[in-house]
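This report looks at helix faces, core packing and backbone outliers. The structure comes first.

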Amino acid sequence: MSQTHPFKPIFDKNSKILILGSFPSVVSRKFGFYYANPQNRFWRVLARILNASVPTSTDEKINFLLASRIAIYDAATSCEIKGSSDAKMTAVVPANLEPIFSGARIVQVFSNGGKAHEICEKHLKTQILNATGKPPVKLPSTSPANTNFSFERLVQEWTVIAEVLKMT
């Protein structure tokens, strides 16, 4: 079933890091915001690496991201997908990241998982390199489907974001 991305990117002029997911899950589309599935570890991992409380409401999440100088969006703006499985994504139309790059000072792009990274490498790498001078960095997916990574191991891998933020 063809789906179009339902959310705008979250960023402002102070954003330094851009985290790209693949495409919103069924739960996120239903609730109208990024990483809305309570089983997804995205918000808990970010809160841990930034020594912050886990944001709960949409407004808290937006404020948390902006205060942390983090932008989020997804690598695909539309695709054919059954359910929420990245493995089922086909007919991917990559996102246009230009509004983010022209409206913020992004120094590094991170992809949340393999499918997001695959889309970045295949469709967005030149745009990312032109904007940041660096290739996108693949991080392990925070999805509950990624059973290879415990919460603590995700935190360990995602700490690189906090390290980049300290340097900017």
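In helix α3 (residues 58-67), K61, F64 and L65 are buried. Buried means under 20% relative accessible area, exposed over 50%, and partly exposed in between, with a 1.4 Å probe and protein chains only. Viewed down the axis of α3, the buried residues fall within an arc of 95°, so they line one face of the helix. That arc is taken from the directions from the helix axis to the C-beta atoms. On the other side of α3, D59, N63 and A67 are exposed. The cover over the buried residues of α3 includes α2 and β3.

This is a predicted model: local features need pLDDT of at least 70, side-chain atom pairs count only at pLDDT 80 or more, and totals for chains, interfaces and linings use all residues. Residues are numbered from 1 along each chain as its sequence is written, and side-chain values use heavy atoms, with hydrogens and water left out. Helices (H or I, at least four residues) and strands (E, at least two) are DSSP runs, numbered from the N terminus.

Next, helix α6. Its 17 residues (151-167) reach 25 Å from first C-alpha to last, close to the 24 Å expected at 1.5 Å a residue. The expected span is 1.5 Å times one less than the number of residues. A kink of about 35° is centred on E157. The bend is the angle between axes fitted to the seven residues ending at a residue and the seven starting there. Buried residues of α6 include L154, W158, I161 and L165. Among the elements covering them are β2 (17-21), α2 (42-49) and β6 (108-112).

The largest nonpolar core has 46 residues, and L18, L97, W158 and I161 have the most contacts inside it. Such a core is a set of buried Ala, Val, Leu, Ile, Met, Phe, Trp, Tyr and Cys residues joined through side-chain atoms within 4.5 Å. The largest share of this core, 6 residues, comes from α6. I161 touches I17, I19, I49, I70, F110 and L139, not counting residues up to four places away in sequence. Contact means heavy atoms within 4.5 Å.

S111 sits in strand β6. S111 counts as buried because its relative accessibility is 0%.

Two exposed residues take positive phi without being glycine.

| Residue | Place | Phi | Relative accessible area |
|---|---|---|---|
| N51 | loop between α2 and α3 | about 50° | 74% |
| A91 | strand β5 (residues 90-94) | near 50° | 53% |

Just after α3, R69 also has a positive phi, about 65°.
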